[in-house]
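Let's take a walk through this structure together, starting with a pair of helices and ending with the chain as a whole. Please have the 3D view ready to rotate as you read.

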Amino acid sequence: MASLHLRIGDLVCAWIKVEHLKPYHPHKEEMIKINKGKRFQQAVDAVEEFLKKAKGKEKASHNNSNAEDKKKPARAEGTRRKNPAKKVNAVLQRDLASHKQTILQKPEGLSDSDPEPSSVQRAVAGGVSGFKWESSPCSSMEPISKRLKIIEEKPSTSIQAADSTAFNGSIIPTDKRIGFLGLGHMGSGIVSNLLKMGHVVTVWNRTAEKCDLFIQEGARLGRTPAEVVSICDITFSCVSDPKAAKDLVFGPSGVLQGIQPGKCYVEMSTLDPETITELSQVITSRGGRFLEAPVLGSQQLSNEGLLVILAAGDRTVYEDCSSCFQALGRTSFFLGGAGNAAKMMLILSMVQGSFMATITEGLTLAQVTGQSQQTFLDILCQGPMASTFLDQKCQNILQGNFKPDYYLKHIQKDLRLAISMGDSVNHPTPVAAAANEVYKRAKALDQSDNDMSAVYRAYIH
């Protein structure tokens, strides 16, 4: 089937089937209504910006031509005036036609009967769908003023970041049946986005009532983890800790009782490498295929489909999960063999948890030394540490809002596992160990089910 490979400037986009290309203006409103995500809207804004500039250039050119027309005889009555909208389209067409490197062709050696390259092969590290993102805390889309090129690209087999490519709005959902176990803070947002993007999803949760909302949205109900795994091609799991993950697999009517040769099991919980290795071995020993895919983010990012997925294990499962990862995340990384994603995730959580504890320590020290906490925050947000994470967490602290976006008990668990991982390789983690003690004190003050920023209360009690 014919397809195009698009490049804007020096950034690679993705394969697009010709029949999926639609005229912009007739379908704009329709696509905006059915697509989610900030990036899709940013793409629309970028196109509008380009059209606006093109129209401005055309208007300037029109004014110049009017000046010249005054020198010419008046046109005869009844001469038809040109449609301004057509002029803008003409500018766009002329823009593309003038670029000699625009070639409509399929990759060399690819026949109509050959399958399309996998989305993992198509994806490359870099900006979202070929657009350049700024490095400032609030990223902005670069206007699409570069020429469109159609090129060939050889697939890479190296460890890489696989970008969502499709703006989270043009995703073609896999025809595989998806199962999902665990509808907590993170899992709920993930399942919602899978359903929005057209995936067929069967859900199970220990507290069955949590399934009701997703059944209303089109999900199917599984009575046990074993049943979900047995009827689905790919089953995801997202639970709170290693014990919950093991209970789900080894417990009564658990995953092991439903796993069959060829079935895929994707563990999205943040676990220690030893637990991941154990789960991987037992799943594959039954003929199943295993992938770990913990996610970096929060409840808000989960709801918005902007998580970062860290995957490791069976690469073919990673490729089979392509449309799922595009639906729930901004980017996914494949990190090699099982256990590598768990290690990377714990390191990232360790840094995040330690950073949050340090910031709250600074806020409270500012207060007791007579400094304005708001001024402290304002200065931080103008400096090199500025970030959306920093601003949101600190503003919530100053407002006394500790509604959980990422549970304090979970970040403390991650710190504990990271410290244990450091001990296993004889690597010191004194900063993380100190931060862990502060979180433990916050838990003792009944802050476990509050947001991780509630570690602030460990300093004021």
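How far apart are the axes of helix H8 and helix H10, and at what angle do they cross? In this predicted model, the axes of H8 (residues 242–250) and H10 (residues 273–285) come within 11 Å, with a crossing angle of roughly 10°. Angles under 35 degrees count as roughly parallel, so H8 and H10 are roughly parallel to each other. On the H8 side, the contact is made by Pro242, Ala245, Lys246, Val249 and Phe250, while H10 contributes Thr275, Glu278, Leu279 and Val282. Sorted by character, the residues of this contact of H8 with H10 are six nonpolar, one polar and two charged.

Now follow the chain from H8 into the loop that leads to helix H9 (255–258), where you will find serine 253. This serine is not a glycine, yet its phi is positive, near 55°. Is serine 253 buried, exposed or partly exposed? Its relative accessibility is 32%, and because partly exposed covers the range between 20% and 50%, serine 253 counts as partly exposed.

A second residue with an unusual sign to look at is asparagine 426, which has a positive phi of about 55° although it is not a glycine. You can find asparagine 426 in the loop between helix H17 (408–424) and helix H18 (430–444). Its relative accessible area is 71%; exposed means over 50%, so asparagine 426 is exposed.

Next, turn to helix H15 (residues 373–380). Which residues of H15 are buried? They include Gln373, Leu377 and Leu380. These three cover an arc of only 60° around the axis, so they lie on the same side of H15. The buried residues of H15 pack against two other helices, H14 (340–368) and H16 (388–398). Look also at the start of H15, where a side-chain oxygen of serine 372 comes to within 3.3 Å of the backbone nitrogen of glutamine 374.

Finally, step back to the whole protein chain. Its secondary structure comes to 19 helices and 13 strands. Of the 461 residues in the chain, 44% are buried. Among contacts with a separation of 6 or more, 70% join residues 24 or more positions apart.

Terms used
Residues numbered from 1 in each chain as written. Predicted model: local features only at pLDDT ≥ 70, side-chain atom pairs only at ≥ 80, totals over all residues. Heavy atoms only, no water. Axes fitted to C-alpha atoms, helices over the stretch in contact; angles between N-to-C directions. Helix = DSSP H or I, 4+ residues; strand = E, 2+ residues; numbered from the N terminus. Parallel < 35°, antiparallel > 145°, perpendicular 65-115°, else oblique. Contact = heavy atoms within 4.5 Å. Nonpolar A, V, L, I, M, F, W, Y, C, P; charged D, E, K, R; others polar. Buried < 20%, exposed > 50% of the residue type's maximum accessible area, 1.4 Å probe, protein only. Arc of directions from axis to C-beta. Polar contact = N/O pair within 3.5 Å; in protein donor to acceptor, adjacent residues only side chain to side chain.
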